[in-house]
Amino acid sequence: MAKSKKRPPAPKAAAQDKPTTLKDLLSSDVLEKLKAQADEAKAAEAALKEQERQQAEEARQAEQKRRENDFEYLLNNSAMDWKKHK
């Protein structure tokens, strides 16, 4: 078997050969406005998620309070070992 010759890696494209991107074409003030708008959207989404979480927590607490006043629920879910409460 013949040894395979190692080939040198292909030369990488220089920074000058890169195609222009949208970021390069936009002016800095437009780019800043877009970033600010994206940050506002993320903040609004986070606030909405937090509000939904709080509503779910309030609903859970209301249900727990309702169950604490329901004698049948307490009877069915209580431990039947009354000896420890002597």
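User: How many salt bridges does a search of the whole structure find?

Analyst: In this predicted model, a search of the whole structure finds five salt bridges.

User: Why is the pair Glu45 and Lys49 called a salt bridge?

Analyst: The closest N and O atoms of Glu45 and Lys49 are 3.7 Å apart. The cut-off is a Lys or Arg side-chain nitrogen within 4 Å of a carboxyl oxygen of Asp or Glu, so the pair qualifies. Both residues lie in helix H2, four residues apart, about one turn of the helix.

User: What makes Lys49 exposed?

Analyst: Lys49 has a relative accessible area of 52%. Exposed requires over 50%, therefore Lys49 is classed as exposed.

User: Is Glu45 buried, exposed or partly exposed, and what value decides this?

Analyst: Glu45 has a relative accessible area of 45%. Buried means under 20% and exposed means over 50%, so Glu45 falls in between and is partly exposed.

User: What makes Glu63 and Arg66 a salt bridge?

Analyst: Their closest N and O atoms are 2.6 Å apart. Since the limit is 4 Å, the contact between Glu63 and Arg66 counts as a salt bridge. These two residues are three residues apart in helix H2, which means a separation of about one helical turn.

User: Which distance supports the salt bridge between Glu63 and Arg67?

Analyst: The N to O distance for Glu63 and Arg67 is 3.3 Å, and because this lies within 4 Å, the pair meets the criterion. Glu63 and Arg67 are four residues apart in helix H2, so about one helical turn separates them. Salt bridges that share partners join Glu63, Arg66 and Arg67 into one network.

User: Why are Glu63, Arg66 and Arg67 called partly exposed?

Analyst: Glu63 has a relative accessible area of 31%, Arg66 has 46% and Arg67 has 31%. Partly exposed covers the range between 20% and 50%, so the three residues belong to that class.

User: Which residues does Arg67 touch beyond four places away in sequence?

Analyst: Arg67 touches Tyr73 and Leu74, not counting residues up to four places away in sequence. Arg67 itself lies in helix H2, residues 28-68.

User: How do you know which helix has the highest confidence?

Analyst: Among the elements of the chain, H2 has the highest mean pLDDT, 94, and helix H1 (residues 22-25) the lowest, 75. The chain averages a pLDDT of 83, and 81% of the residues score at least 70. Where pLDDT is low, the predicted coordinates should not be read in detail.

Conventions. Residues are numbered from 1 along each chain as its sequence is written. This is a predicted model: local features need pLDDT of at least 70, side-chain atom pairs count only at pLDDT 80 or more; totals for chains, interfaces and linings use all residues. Side-chain values use heavy atoms; hydrogens and water are left out. Contact means heavy atoms within 4.5 Å. pLDDT is the predictor's confidence in each residue, from 0 to 100. Buried means under 20% relative accessible area, exposed over 50%, partly exposed in between (1.4 Å probe, protein chains only).
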